[in-house]
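Thanks for making the time this morning. I would like to walk through one model with you, moving from the annotated repeats to the helix contacts and then to the sheet.

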Amino acid sequence: MKLLSVVVNSFGCSATGERLVSAARDGDFQEAQALLEYNPRLARYSTFGVRNSPLHYSAAHGHHEIVCLLLQSGVDINLRNYRGQTALMQACQHGHWEVVLILVLFGANVHKADYLNGGTALHLAATNGHSRCIRLLLADYIPSIPNFREIMSQLMDNEESISEFDHRGLSQIINRTADGGITALHMAALNGQVESVQLLLELGASVSEVTLADGTVIDLIGAGSTALHYAACGGNAKCCQLLIARGASLTAENENGWTPLMVARSWNRSWLEDILTTEPVDRPKLIPSRYLSLPLMSIVQIAREYGWNSKSTPGCQDPCVVCLERKCTVAAEGCDHEFCTRCALYLCSTNCGTTIFRGPPGSVSCPLCRNGIVSFVKLPGKAVKQIAITSLSLPICQSSNETPSKPTPLTTQLRSRKLCRVHDTPMAVSFCCQRLPSINLCQKTPNICHSLVPRCANRNSKNHLARC
Ligand SMILES: [Zn+2]
Ligand SMILES: [Zn+2]
């Protein structure tokens with residue numbers, strides 16, 4: 001009885017905890033805020049049995065403001081539910097990139113693996129084709145340097161390269177295997193997620209990794225299969241072409257003695273016959289992924305160090321030209337145009353590379369001059385004070401009606417150039433991780449692909465990184 005009273009005192013009664021769960025699930029920010037003010041320990045409440053916390057519910061439903069509120073209430077960002085899933089994994093599964101951005105900024109562990117199949121947040125994002133989430137997850141591994149693609153292609157061709165960054169860390173996380181030796185590339189290829197396959201290949205995913213017969217998964221394609229075997233089963237021609245362009249072997253046999261062509265035939269993918277029969281004479285060059293977003297690492301580091309959510313300052317003398325509300329705190333290297341940290345973060349996260357601009361592949365188009373931005377720098381003496389987050393959505397649409405305050409000579413010059421185009425920028429484009437027709441071989445459990453279904457709870461210890 002004494003123990004029960006301690007539990008009740010710690011987390012409040014379960015009815016209050018359930019109210020917070022409902023508020024987190026339904027996106028009721030006011031209710032969540034009121035409950036947490038009443039008892040901040042409620043943030044640590046978890047549902048009986050399933051052990052999903054309010055953080056899991058808000059992340060899975062994409063309520064990034066509540067995610068932020070809970071994190072500021074001191075909840076453990078890496079809290080796991082009954083199957084070992086963290087909030088980051090659930091946000092990646094459902095493609096809620098704004099939640100992923102918040103969790104990455106707060107330092108969520110991207111290496112945590114599901115207890116049941118060993119899959120990470122990267123596997124879940126790749127399976128469901130959420131390329132923007134994949135890119136945000138890897139924010140700490142892809143340097144903001146102009147020659148990133150050249151370095152990666154030299155490394156992939158096994159050429160000597162003077163690497164300006166530790167590519168091994170990136171390679172390790174990209175090629176991390178779940179149970180059965182399944183990589184994120186296998187999952188994206190199987191499910192026909194063209195954009196995700198392209199991005200993963202760009203970031204160094206190996207086309208020669210093969211699945212294992214470790215007794216943990218039911219693999220209908222056969223152990224020893226490459227991502228091309230999986231793409232052949234999935235039946236997406238574009239995925240097969242991308243993998244072949246990156247050097248995937250057409251003659252590789254899995255442990256059943258099947259080549260990718262034989263896998264395609266066994267699954268009646270007749271339209272892949274030509275693609276999987278003859279090796280192309282000239283290997284086509286891969287088009288840069290539109291999700292590469294080189295400046296992301298620089299702006300994430302600035303945001304973590306100095307904060308990203310400065311208060312709107314009405315009458316600000318030198319406001320950010322995107323939101324027209326907050327002070328400029330960062331500048332784009334090269335063109336030196338200035339923005340607030342939050343707008344720069346969103347610019348890097350939502351850039352889809354559709355606009356024609358001057359800059360290396362993977363750079364982000366400057367909304368003011370169309371120069372390609374590769375990195376951001378902090379403006380001196382403009383530290384952003386971290387405040388309680390009420391909204392992280394950019395008021396871009398509203399800002400078109402607002403009249404900016406009296407501009408300084410510098411901002412006058414910038415605005416006279418391009419201000420009228422600001423609202424046409426890719427930032428105004430809504431979330432557009434394209435969903436492509438997916439192959440779902442497991443009818444009973446729609447969210448889990450067949451090859452990640454565990455046969456037993458045995459975990460392959462080699463799949464665990466030390467940080468887990
Ligand atoms: Zn701004
Ligand atoms: Zn510019």
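For "repeat: ANK", the UniProt record, which is an unreviewed entry, lists residues 50-82, 83-115, 117-138, 180-212 and 223-255, and I should say at once that what we are placing those ranges on is a predicted model. Two of the listed ranges can be described in a little more detail. Over residues 50-82 the chain is 48% helix and 0% strand, and the C-alpha atoms at the two ends of that span lie 5 Å apart. For residues 223-255 the figures are 52% helix and 0% strand, with the end C-alpha atoms 6 Å apart.

Let me put that in the setting of the chain. There are 21 helices and five strands, and of the 468 residues, 48% count as buried. If we take the contacts between residues at least 6 apart in sequence, 73% of them join residues at least 24 apart.

Now to the helix pairs. Helix 3, residues 29-38, and helix 5, residues 64-72, have axes that come within 10 Å and cross at roughly 10 degrees, and these two helices are therefore roughly parallel to each other. On the side of helix 3 the contact is made by Phe29, Ala32, Gln33 and Leu36, and on the side of helix 5 by Glu65, Ile66 and Leu69. By class, the residues of this contact divide into five nonpolar, one polar and one charged. As a general reminder when reading such spacings, an α-helix has 3.6 residues a turn, so residues three or four places apart point the same way.

The other pair I want to show is helix 13, residues 194-202, with helix 15, residues 237-245, which pack at an angle of about 10 degrees with their axes 9 Å apart. Helix 13 and helix 15 are therefore roughly parallel to each other. Helix 13 contributes Val194, Val197, Gln198 and Leu201 to the contact, while helix 15 contributes Lys238, Cys239 and Leu242; here the division is five nonpolar, one polar and one charged.

Further along the chain we come to the sheet. What is the order of the strands in this open sheet of three? The order is 2-1-5, with antiparallel pairing. Strand 2, at 338-339, and strand 5, at 376-378, stand at the edges with a single partner strand each, so one side of each is left without a neighbour in the sheet. Strand 1, residues 330-332, is joined to strand 2 by two bridges, and the two run antiparallel; within that pairing, alanine 331 has glutamate 338 of strand 2 as its bridge partner. Helix 18, residues 296-306, lies across strand 1 and strand 5, and runs at about 20 degrees to strand 5.

Helix 19, residues 341-350, is mostly covered, with 10 of its 10 residues buried. The buried residues include Arg342, along with Cys343, Leu345 and Tyr346.

I will finish with one loop position. Glycine 359 lies in the loop between helix 19 and strand 3, at 364-365. Is glycine 359 buried or partly exposed? With 18 other C-beta atoms within 10 Å, glycine 359 is partly exposed. Leaving aside its neighbours within four places in sequence, glycine 359 is in contact with Asn371, Gly372 and Val374, and its C-alpha is 6.1 Å from that of asparagine 371, which is 12 residues away in sequence.

Technical notes. Residues numbered from 1 in each chain as written. Chains lettered and ligands numbered in written order. Predicted model: local features only at pLDDT ≥ 70, side-chain atom pairs only at ≥ 80, totals over all residues. Axes fitted to C-alpha atoms, helices over the stretch in contact; angles between N-to-C directions. Helix = DSSP H or I, 4+ residues; strand = E, 2+ residues; numbered from the N terminus. Parallel < 35°, antiparallel > 145°, perpendicular 65-115°, else oblique. Contact = placed C-beta atoms within 7 Å. Nonpolar A, V, L, I, M, F, W, Y, C, P; charged D, E, K, R; others polar. Buried ≥ 20, exposed ≤ 12 C-beta atoms within 10 Å, placed from the backbone. UniProt positions renumbered as here; feature names shortened; annotations may be inferred. Pairing = 2+ DSSP bridges.
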